[in-house]
Amino acid sequence: GLALLAVPPTIAPGGCPSACYCVATPELVQCRYEKLEEPPKELPVTVHNLSIAGSNLSILHGAAFASQPLPELRLLRLRHDNIQVIEDMALQGLPALRTLDLSHNPLGSVAAGAFAGAPSLRTLQLNQVSLAASLEEQLALALHNLSLRRLELTGNSLRALPVTLLPTGLEELDLRNNSLQRLTPAELQILDAPGLRGLRLNLGANPLSCDCALRPFLAWLRAATARVPDARGLRCAGPPPLRGATILRLRPEGLVCTSSEGGEPGQLETASYVFFGIVLALIGIVFLMVLYLNRRGIKRWLHNLREACRDQMEGYHYRYEQDADPQRTSSMDTP
């Protein structure tokens, strides 16, 4: 690997921060697990790659890098830095920045102008940032005027395609390790829009549900396999008979319906059982009401039935006694 060398101030104006390491060719600055609460101020102006990991930046303030602009910075990694808030113009002073990595941060608030200071930004990595609906709306505004080419959103428990985060011209979208069960016809239509026809997306490690609702996605996937680099590795997470099956090897007629149209699996069966239970309950109530209203007639009927049974049993008992009397039997046998 590369040896970590301290860059002297004469070579790199601004010097190398004491909490960081600097490598001269190409310029690389790494600040790892130093519990910084703000980006270091004294950085070589020739730095190309800056990595700050394991710190406690918490709030990325506006103009956080503007006190000493870094005109040649291309890559900025801010991973595991507990960043919760990104203010307006936080990237001011980074005109050449092309890749920003904010993965593994508990983002809660992103200002609409958070990335306005980096007009050259082309790759944004937001892996495992707990992408809630409110944060997705804020990011959509913040990305509005950017010309992104690659967006990474792995490990965010997404259950649907984040359509608001897909700017025109986006070329790569990484959605691996989320909670996608399928892509709906509406989402597929968005992917086929003129501005996104060149988009490639990775979908591995998602719990794809191979029921009849998957048929539109299966047809699209077969027609656009080149747009999904990991298409041949996609497998079913359910239902149990198809668990582990390769998606591209499935036949549409083999995908059984286990859910209501557009709903979650099992809703139709649950509704059917509930309806059946309600019908049985109504029948039981009606039956009990009939018994109650006819209780006197039922009582008389039971009394008559009991008397009839008793008379019948007495007749059988009398005939049995007659047949069992030896005197009567012998007199009948004497001529």
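Hi everyone, let's start with a small sheet. Three strands make up an open sheet, ordered E4-E6-E8, with parallel pairing. At its edges sit strand E4 (59–60) and E8, each of which pairs on one side only. One word of caution before I go on: this is a predicted model.

Looking at the E4 side, two bridges join E4 to strand E6, residues 85–86, and the two run parallel. Within that pairing, leucine 60 is opposite isoleucine 86 in E6.

Now over to E8, and to its helix neighbour. Strand E8 (109–110) is what the buried residues of helix H1 pack against. Which residues of H1, spanning 133–142, are buried? They are Leu135, Glu136, Leu139 and Ala142. These four cover an arc of only 120° around the axis, so they lie on the same side of H1. On the face turned away from that buried side, you'll find Ala133, Glu137 and Leu141, which are exposed.

Next, the core. The largest nonpolar core has 75 residues, and those touching the most other members are Leu76, Phe115, Leu173 and Ile247. Elements that each supply at least two residues of this core include H1, strand E5 (75–79) and helix H3 (215–223). H3 gives the largest share, four residues. Both domain 1 (23–144) and domain 2 (147–257) contribute at least three residues each to this core.

Let me finish with Leu76, since we've just met it. Leaving aside residues up to four places away in sequence, leucine 76 touches Leu50, Phe65, Leu91, Leu94, Leu97, Thr99, Leu100 and Asp101. Thanks for listening!

Conventions: Residues numbered from 1 in each chain as written. Predicted model: local features only at pLDDT ≥ 70, side-chain atom pairs only at ≥ 80, totals over all residues. Heavy atoms only, no water. Buried < 20%, exposed > 50% of the residue type's maximum accessible area, 1.4 Å probe, protein only. Arc of directions from axis to C-beta. Contact = heavy atoms within 4.5 Å. Core = buried A, V, L, I, M, F, W, Y, C linked by side-chain atoms within 4.5 Å. Domains from an automatic or database assignment. Pairing = 2+ DSSP bridges.
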